[in-house]
Amino acid sequence: MEEPTGKPLSCEEKEKTETAELPASDSVNPGNLQLVSKLKVPVLQIVPVPDVYNLVCVALGNLEIREIRTLLCSSDDESEKQVLLKSGNIKAVLGLTKRRLVSSSGTLSDQQVEVMTFAEDGGGKENQFLMPPEETILTFAEVQGMQEALLGTTVMNNIVIWNLKTGQLLKKMHIDDSYQASVCHKAYSEMGLLFIVLSHPCSKESESLQSPVFRLIVINPKTTLSVGVMLYCLPPGQAGRFLEGDVKDHCAAAILTSGTIAIWDLLLGQCTALLPPISDQHWSFVKWSGTDSHLLAGQKDGNIFVYHYS
């Protein structure tokens with residue numbers, strides 16, 4: 001990956017890039033687009049499931065997730081079918097490696113943490129239940145470098161970790177209360193320590209260094225002690241708090257309450273690009289592609305833009 005330029009992405013630059021990257025007209029092969037599926041309820045989240053090429057999961061609802069459905073494409077007859085996986089009061093969902101999908105649902109008294117494992121063709125599935133914590137789960141994250149470990153963040157500012165093989169809840173680790181309802185986006189394990197990238201939707205809307213958008217902390221699972229490593233704040237002159245975002249490898253992207261998308265290099269520790277609203281349409285969706293070189297940005301009117309990030 002090339003060194004980030006650190007310059008904001010402007011509309012003019014976007015148009016130039018898009019024009020430059022378009023192939024010559026005589027080299028474009030005629031294509032055909034065929035509608036294979038339509039969802040009549042709002043899509044809150046697209047949940048990719050690694051290692052299953054013909055399966056996509058979607059989380060549906062308005063303000064909260066009410067359904068999880070799979071869109072399964074058959075390579076034999078090019079047909080597509082929808083399957084309802086789960087419905088009800090769903091709090092969090094994440095696609096895991098080895099063709100797995102984890103979700104938490106229900107209220108605190110009857111909370112279920114369920115792992116579904118799909119067949120290679122995406123058809124059949126097996127269900128496994130993990131031991132639920134006595135707190136509502138906000139998000140899940142796989143732990144890179146630690147096989148069969150799953151991490152979750154809770155509304156009580158605790159981080160919990162499970163053994164995916166046994167379903168056992170191994171640890172509950174409290175992180176400091178400086179930022180309430182912190183959300184985990186990425187976790188790494190190195191030399192017995194956990195490095196965790198958190199966002200802070202409830203932080204104050206400020207340009208102060210005391211209100212970071214993302215934060216990197218390190219936890220010792222044996223002692224459950226944690227310490228801050230780095231704060232990822234907005235550059236001078238920019239304000240806003242975290243609405244939603246995505247972390248891929250060492251790149252983090254966030255939509256701010258100002259309507260702007262901000263991008264950080266987690267290794268450099270600085271904001272490397274800003275993408276302001278286009279045509280007065282605030283950004284409402286941001287997602288890294290399969291690599292950290294392309295960014296998908298969506299507007300509330302349904303437009304999706306693809307940006308090359310370098």
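User: What share of the protein chain's contacts with a separation of 6 or more comes from residues 24 or more positions apart?

Analyst: That share is 41%. Keep in mind that this is a predicted model. To count as a contact here, heavy atoms have to be within 4.5 Å.

User: What makes up the protein chain in terms of helices and strands, and how many of each are there?

Analyst: You'll find 1 helix and 22 strands. The chain has 310 residues, and 42% of them are buried. About 16600 Å² of the chain is exposed, with carbon and sulfur atoms supplying 52% of that area.

User: Let's zoom in. Why does N158 count as buried?

Analyst: The cut-off for buried is under 20% relative accessible area. N158 has 8% relative accessibility, so it counts as buried. This residue is found in strand 10.

User: What makes strand 10 largely enclosed by the rest of the structure?

Analyst: Just look at its residues: 5 of the 6 in strand 10 (residues 158-163) are buried, so the rest of the structure largely encloses this strand.

User: How do you know that strand 10 pairs with strand 9?

Analyst: Two strands pair if there are at least two bridges between them. Strand 9 (residues 149-154) and strand 10 have 5 bridges, in the antiparallel sense. By that cut-off they are a pair, because at least two is all it takes. One of the matches is L150, whose bridge partner in strand 10 is W162. The hairpin of these strands has 3 residues between them, and N157 there takes a positive phi near 60°.

User: And which residue in strand 11 is the bridge partner of N158?

Analyst: That's H174. Strand 10 and strand 11 (residues 169-174) also pair in the antiparallel sense over 5 bridges. Their hairpin has 5 residues between the strands, with G167 at a positive phi near 80°.

User: What joins the side chains of N158 and H174?

Analyst: A polar contact of 2.9 Å does. The limit for such a pair of N or O atoms is 3.5 Å, so 2.9 Å fits within it. Leaving aside neighbours within four places in sequence, N158 also has contacts that include E135, G152 and K172.

User: What about phi at D51?

Analyst: D51 has a positive phi of about 75°, although it is not a glycine. Most residues other than glycine have a negative phi. D51 sits in the loop between strand 1 (43-48) and strand 2 (55-61).

User: Why is D51 called exposed, and why is K98 called partly exposed?

Analyst: Exposed means over 50%, buried means under 20%, and partly exposed is in between. D51 has 55% relative accessibility, so it counts as exposed. K98 has 45%, so it counts as partly exposed. K98 lies in the loop between strand 4 (80-96) and strand 5 (100-105), and it has a positive phi of about 65° without being a glycine.

User: Last one: why do strand 20 and strand 22 stand at the edges?

Analyst: Picture an open sheet of 3 strands in the order 20-21-22, paired antiparallel. Strand 20 (283-288) and strand 22 (304-308) each have a single partner strand, so one side of each is left without a neighbour in the sheet. From one strand to the next, the twist averages 20°. Strand 20 is joined to strand 21 (residues 294-299) by 5 bridges, and W288 has L295 as its bridge partner in strand 21.

Note on methods:
Residues are numbered from 1 along each chain as its sequence is written. This is a predicted model: local features need pLDDT of at least 70, side-chain atom pairs count only at pLDDT 80 or more; totals for chains, interfaces and linings use all residues. Side-chain values use heavy atoms; hydrogens and water are left out. Helices (H or I, at least four residues) and strands (E, at least two) are DSSP runs, numbered from the N terminus. Buried means under 20% relative accessible area, exposed over 50%, partly exposed in between (1.4 Å probe, protein chains only). Accessible areas come from the Shrake-Rupley method with a 1.4 Å probe; for residues, only the protein chains shown count as cover. Axes are lines fitted to C-alpha atoms, for helices over the stretch in contact, and angles run from 0 to 180 degrees between N-to-C directions. A polar contact is a pair of N or O atoms within 3.5 Å; within protein, one must be able to donate a hydrogen and the other to accept it, and residues adjacent in sequence count only if both atoms are side-chain atoms.
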